[in-house]
Amino acid sequence: MTLLDKDGIQLNVDDTVATVTLTNPAKRNAQSPALWRALAEAGKLVPGTVRIVVLRAEGKSFSAGLDRQAFTPEGFDGEPSFLELGRGSDSELDAAIAEYQQAFTWWRRNDIVSIAAVQGHAIGAGFQLALACDLRVCAEDAQFAMRETSLGLVPDLTGTHPLVGLVGYARALEICATGRFVHAEEAVRTGLANLVVPAAELDGAVQDLAAALLAAPRDAVIETKALLRGAVDRTYEDQRVAERAAQARRLRDLAGLTD
């Protein structure tokens, strides 16, 4: 069932699995404010019955990043150019960026597990969109790069936090400051990718991973995801307390003692 098809984004739902597809291969799925709004809308339309959200892309590239038209004086039709945004007040600029970020925040909700299926280039905003997901399965030709610094910018679409969490501060700084490509083999070796497979096997590998995730009871997965996400900001002792509380909820549920 197709719930959304607009501005380079398509959302399809099949029972407990939703698939969000980037559908502009002619432009290597370059991103724009309209696409970001469609992605945010897709997140709001995902039914509560969905457990897995797959993010995939048509064509040879996952996403070549921000559409460079954003930096031209004319920008996009009906949109302020990024040059115009830069001339706005601090509050206006902050509000605009915050709106763009909404396309990248919902993928880590505790009630779903999101999987990015990445082939070809995932550059800049494309890299950050892959990082927005919980898990990444990559084709052997996948190449990640954070090119914002080469444009005199910083990564601002929520990618810095997961990147540091996955590869550490020093490697994250080196990747962002140099803008170099991280190829599939390095991605899986350093933790950026969970799995690398031949391009022809990408869809099948994602389906297998989704099936494995669906095999576990939903509430247990939700509790585990919340427990792991919070671990970074907790002390060891606080995490022990969180584990006990989460397990108590699960045991009460299994015993039929929850409301």
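In this predicted model, Phe 62 sits in the loop that runs between strand E4 (52-57) and helix H2 (82-86). Although it belongs to a loop, Phe 62 counts as buried, because its relative accessibility is 0%. A residue from another part of the sequence offers a reference point here: the C-alpha atoms of Phe 62 and Asn 24 are separated by 10.0 Å, with their positions 38 residues apart along the chain.

A wider view helps to place this loop. The protein chain comprises ten helices and ten strands. Its radius of gyration is 19 Å, which agrees with the value near 18 Å expected of a compact globule with 259 residues. Along the principal axes, the C-alpha trace spans about 65 × 40 × 35 Å. Of the 259 residues, 44% count as buried, and Phe 62 is one of the buried residues.

The start of the chain offers a hairpin to explore. Strand E1 (residues 2-6) pairs with strand E2 (residues 9-14) in the antiparallel sense, over four bridges. Leu 4 has Leu 11, in E2, as its bridge partner. Two residues lie between the strands of this hairpin, and Asp 7 takes a positive phi near 50 degrees there. The same region can be followed out to the surface, where Met 1, Leu 3 and Leu 45 form a nonpolar patch with about 270 Å² of accessible area together. Leu 45 of this patch comes from helix H1 (residues 33-45). With a relative accessibility of 35%, Leu 45 counts as partly exposed.

Further along the chain, three strands build an open sheet with mixed pairing, in the order E6-E8-E9. Strand E6 (121-123) and strand E9 (182-183) stand at the edges; each has a single partner strand, so one side of each is left without a neighbour in the sheet. In general, the strands of a sheet pair through backbone hydrogen bonds, in either a parallel or an antiparallel manner. E6 and strand E8 (residues 143-145) run parallel and are joined by three bridges. Within this part of the sheet, Ile 123 stands opposite Ala 145 of E8.

Charged side chains add another layer to the picture, with 13 salt bridges in the structure. One of these is formed by Glu 99 and Arg 37, whose closest N and O atoms are 3.9 Å apart. This pair links distant parts of the chain, as Glu 99 belongs to helix H3 (residues 90-105) and Arg 37 to helix H1, 62 residues apart. Helix H1 is also the helix that holds Leu 45 of the nonpolar patch. Both partners of the salt bridge are partly exposed: Glu 99 has a relative accessibility of 35%, and Arg 37 has a relative accessible area of 35%.

Another salt bridge brings together the side chains of Arg 109 and Asp 111, at 3.0 Å from N to O. Arg 109 is partly exposed, with a relative accessible area of 25%, and Asp 111 is partly exposed at 28% relative accessibility.

Arg 171 and Glu 186 form a further salt bridge, with 3.4 Å between the closest N and O atoms. Arg 171 lies in helix H6 (residues 169-178) and Glu 186 in helix H7 (residues 184-190), so the pair ties together parts that are 15 residues apart in sequence. Which side of the burial cut-off does each partner fall on? Arg 171 counts as partly exposed at 32% relative accessibility, whereas Glu 186, at 12%, counts as buried. The pair also takes part in a network of salt bridges that links Arg 171, Glu 174, Arg 180 and Glu 186.

The cysteines complete this tour. How many disulfides does the structure hold? The number is zero. A disulfide is a covalent bond between the sulfur atoms of two cysteines. For Cys 133, the closest cysteine sulfur is that of Cys 138, and at 11 Å it is too far for a bond. Cys 176 is in no disulfide either, as the nearest cysteine sulfur, again that of Cys 138, is 17 Å away. Are these residues buried or exposed? Cys 133 counts as buried because its relative accessibility is 0%, and Cys 176 counts as buried at 12%.

How values were computed. Residues numbered from 1 in each chain as written. Predicted model: local features only at pLDDT ≥ 70, side-chain atom pairs only at ≥ 80, totals over all residues. Heavy atoms only, no water. Disulfide = S-S within 2.5 Å. Buried < 20%, exposed > 50% of the residue type's maximum accessible area, 1.4 Å probe, protein only. Pairing = 2+ DSSP bridges. Patch = residues over 30% accessible without salt bridge, like charges linked within 9 Å, V, L, I, M, F, W, Y side chains within 5 Å. Areas by Shrake-Rupley, 256 points an atom, 1.4 Å probe, with all protein chains shown as cover. Salt bridge = Lys/Arg side-chain N within 4 Å of Asp/Glu carboxyl O. Rg over C-alpha atoms; globule rule 2.2 N^0.38 Å.
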